Amino acid sequence: MQWFGKGSNNVEDGRSGGGKTALGGGIGIIIVVLGLIFGKDLTGVVNQLPATTGTEEVKQGVPANDAQAQFVSGVLESTEQVWDAEFKAMGKEYEYPKLRLFRDGVQTACGYAQSNVGPFYCPGDHKVYIDLSFYDELKNRFGAAGDFAQAYVIAHEVGHHVQNLLGISAKLDEARGQVSKTEYNRLSVKLELQADFFAGLWAHNAQNLKDFKLDAGDIEEALTAANAIGDDKLQKQATGEVQPDSFTHGTSAQRMYWFKKGFETGDIRQGDTFNSNNL
Ligand SMILES: [Zn+2]
């Protein structure tokens, strides 16, 4: 995949600060030391501490010499272009999400999150959050290397933003507590698979953008990533308060099917996973 664009104006770089305050970190160290003295593992307690945003330093944009962050910014920009056009076609206006780069942990409108929840979208502040170390994990642990696999991850999270804007996620929130846990999980899977479809739809349209050029093998990279993070391959547990992105839902085969459908059709009307009997 080759990219010639300038990048998005909507990236926030919070990697220098880290999500925890100096105070929180200090208390954390004290608790760990106490734990050592009393022979108990109290590290879990540290994660329960309220974190504040006060000391977090967030810069707009990304350093010019940071190739990976520049790439992410370029992918975000391409999603802006694609969804701008899609929303216009629906007679709506697309509101651009922010993308926050963070390291280790971050305070969000959805609560405090640690990197190990993986990339996620917070509907409360309309932001996509990613610790770029996830890409190393994707490559080393799940064998999903390549720039297009990385782009797919961003496009999937932006897909959740689109669902938020279109009121699809709100319907799922309403269902919470109203339906059985099994039914709710079934709906969560449909939400995830639709985000994969939206990622595929992005890839379909990104081909036509002048700033992008897909290489042979790019789609295979995305499919490998979709395959790698299906729930039969990866069971990630959250330790933060944020609901992690539901990588624990949907099989690899389902994820690949819906990504491919979005990529091949490029037609948003084909992506109604909620009214599809065939997932
Ligand atoms: Zn997701």
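**Exercise 1. Helix 7 against helix 9**

In this predicted model, work out how closely the axes of helix 7 and helix 9 come together and at what angle they cross.

*Solution.* Start with the geometry: the two axes come within 6 Å, and the crossing is at roughly 35°. Next, look at the handedness, which is right-handed where helix 7 passes helix 9 (residues 252–265). Then list the partners. Helix 7 brings Val189, Glu192, Leu193, Asp196, Phe197, Ala199, Gly200, Leu201, Ala203 and His204. Facing them from helix 9 are Gln254, Arg255, Trp258, Phe259, Lys261, Gly262, Phe263, Glu264 and Thr265. Finally, sort this contact by class: 9 residues are nonpolar, 5 are polar and 5 are charged.

**Exercise 2. Helix 6 against helix 7**

Find the packing angle of helix 6 and helix 7, and name the relative direction that follows from it.

*Solution.* The angle between them is about 170°, and the axes lie 10 Å apart. Angles over 145 degrees count as roughly antiparallel, so helix 6 is roughly antiparallel to helix 7. Now see who takes part: Ile168, Ser169, Leu172 and Ala175 from helix 6, with Tyr184, Leu187, Ser188, Leu191 and Gln194 from helix 7. Sorting these residues gives 6 nonpolar, 3 polar and no charged.

**Exercise 3. The second largest pocket**

Stay with helices 6 and 7, and determine which elements give two or more residues to the lining of the second largest pocket.

*Solution.* First, the volume of this pocket is about 210 Å³. Its lining consists of Leu166, Ile168, Lys171, Leu172, Ala175, Leu187, Gln194, Phe198, Ile268, Gly271, Asp272 and Phe274. Match these to the elements: helix 6 (168–175) and helix 7 (181–206) each give two or more. Helix 6 supplies the largest share, with 4 residues. By class, you should arrive at 8 nonpolar, 2 polar and 2 charged lining residues.

**Exercise 4. Helix 3 against helix 5**

Decide how helix 3 is oriented relative to helix 5, starting from their packing angle.

*Solution.* Helix 3 (residues 67–89) and helix 5 (residues 147–165) pack at about 40°, their axes being 10 Å apart. That angle is why helix 3 counts as oblique to helix 5. The crossing of helix 3 past helix 5 is right-handed. On the helix 3 side you will find Gln68, Phe71, Val72, Val75, Leu76, Thr79, Trp83 and Phe87. They meet Asp147, Gln150, Ala151, Ile154, Ala155, Val158, Val162 and Leu165 of helix 5. As a last step, check the classes: this contact has 12 nonpolar, 3 polar and 1 charged residues.

How values were computed:
Residues are numbered from 1 along each chain as its sequence is written. This is a predicted model: local features need pLDDT of at least 70, side-chain atom pairs count only at pLDDT 80 or more; totals for chains, interfaces and linings use all residues. Side-chain values use heavy atoms; hydrogens and water are left out. On a 1 Å grid over the protein atoms alone, a cavity is a set of points where a 1.4 Å probe fits but cannot get out, and a pocket is an open set with protein on both sides within 12 Å along at least five of seven lines; lining residues have an atom within 4 Å of a point. Grid points are joined across faces, edges and corners, and a volume is the space filled by probe spheres set on the points. Ala, Val, Leu, Ile, Met, Phe, Trp, Tyr, Cys and Pro count as nonpolar, Asp, Glu, Lys and Arg as charged, and the others, Gly among them, as polar. Axes are lines fitted to C-alpha atoms, for helices over the stretch in contact, and angles run from 0 to 180 degrees between N-to-C directions. Angles under 35 degrees count as roughly parallel, over 145 as roughly antiparallel, 65 to 115 as roughly perpendicular and the rest as oblique. A crossing is left-handed if the near helix is turned anticlockwise from the far one by less than a right angle, and right-handed if clockwise. Contact means heavy atoms within 4.5 Å.
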